[in-house]
Amino acid sequence: MKKNRILWLDIARCLAILSVLLVHSAESGYSLAFEELAGLGIPSACFRVICFTAGRLGVPLFLAISGYLLLDRDFSTSKKIIKFYKSNLFPLLLTVEIWVVLYYFSQVLFNSQTFELRNLIDNMLFMRANEFSHFWYMPMIIGLYIAIPFIARAIKGIEAKALLVPFAAVFIVVFAVNTLNAYYNMFDIETLSPRVDVSFLGGNYGFYLLLGFLCKKGCFKKIKSVPLVIGFLLSCAFCCFTLLFAVKKGFDYHLWYNFVGVLFATVCLFELLSRFEIKGSSKASRAFAYSASLLSQLSLGIYFIHKPVLNVVRTYLYRYITLRPVLTIAVFALTFSVSFVIAFVISKIPKVRKWILLVK
């Protein structure tokens, strides 16, 4: 393991990948018609919304980590921008393309999909949705990586207070409006349709990227830990309440990253994680740091591997488990275990580690 790793970032990345696996397991365990969701008992319904809320924190954490690590880099010359593309963007793009091909041929070989060259090329060019739904994240992060050098240059040397206006615009148009619209839909009120275009500011994904940068700048350091914990719990509670209330109102609401509760929960959690430290160097603390570092380094590989594994695990467990919470936990535990073992074993092959798992 590299000695210069930042432990709390490794922990954040571990929580992020576990969060992603949890929400996908919950989606699998609670793959029900809306009428069936409405008929769930209180314990099962509460378990479902907790899983969906916790699971929606994964992607924002990944984005905040990227912002923390990348947006304060020096991109003052074309040479430095090109170097970033060569060392960060192009390896990511190559790894993603390898997985596009692997996914495509797995569908051809194991799911009776007809091979069509144009279909494969369209997938490689990101011109159509991938058969594996989680893959939406990769074109999005590639787009952000293309923009990162220019975002970093734009905000370099700027005080955080100068970012207040663009932050406020994105918050209102993207987060506040989408949250209000969720409740408007529940009460059958005409939804809001903002005409202010803030897409060039990065939308909700760029917002999380910049939050990581602001955390590194120390913009949240004056907030004590106790209010952050309370804010995190209240934000999660708001997400859970919204999901439960939506079902009660007969509205199938899909919690997403543009929801205010997800935003504030992410900010509070990321800042709290940045304050984490282990004092001393006991055997237990070293083992914990090693485990966090290992899982962190394999997190992208696990992300790629887990969905095919989950599909197989789900098919098998459906035959034996009927209780939805138990099914969700079993799918999560088995999917994570198998995906981790596969990633760990194949990471021992240098070329696979470098190009397929993108472990640097």
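**Close-up views of an all-helix model**

**View 1. The buried residues of helix α4.** In α4 the buried residues (under 20% relative accessible area, 1.4 Å probe, protein chains only) are G58, V59, P60, L61, F62, L63, A64, I65, S66, G67, Y68 and L70. Twelve of the 13 residues of α4 are buried, so the rest of the structure largely encloses this helix. The model is predicted: local features need pLDDT of at least 70, side-chain atom pairs count only at pLDDT 80 or more, and totals for chains, interfaces and linings use all residues. Residues are numbered from 1 along each chain as its sequence is written, and side-chain values use heavy atoms, without hydrogens and water.

**View 2. The length of helix α4.** Helix α4 covers residues 58–70. How far apart are its end C-alpha atoms? They are 18 Å apart, which agrees with the 18 Å expected for 13 residues at 1.5 Å a residue (1.5 Å times one less than the number of residues).

**View 3. The helices of the protein.** The protein has 14 helices and zero strands. Helices are DSSP runs of H or I with at least four residues, strands are runs of E with at least two, and numbering starts at the N terminus.

**View 4. Contacts across the sequence.** Contact means heavy atoms within 4.5 Å. Take the contacts between residues at least 6 apart in sequence: 81% join residues at least 24 apart. Of the 360 residues of the protein, 48% count as buried.

**View 5. Charged side chains.** The protein has 37 positive (Lys and Arg) and 17 negative (Asp and Glu) side chains. His and the chain ends are not counted. Each charge is placed at NZ of Lys, CZ of Arg, CG of Asp or CD of Glu. The centres of the two sets lie 14 Å apart.

Terms used: Buried < 20%, exposed > 50% of the residue type's maximum accessible area, 1.4 Å probe, protein only.
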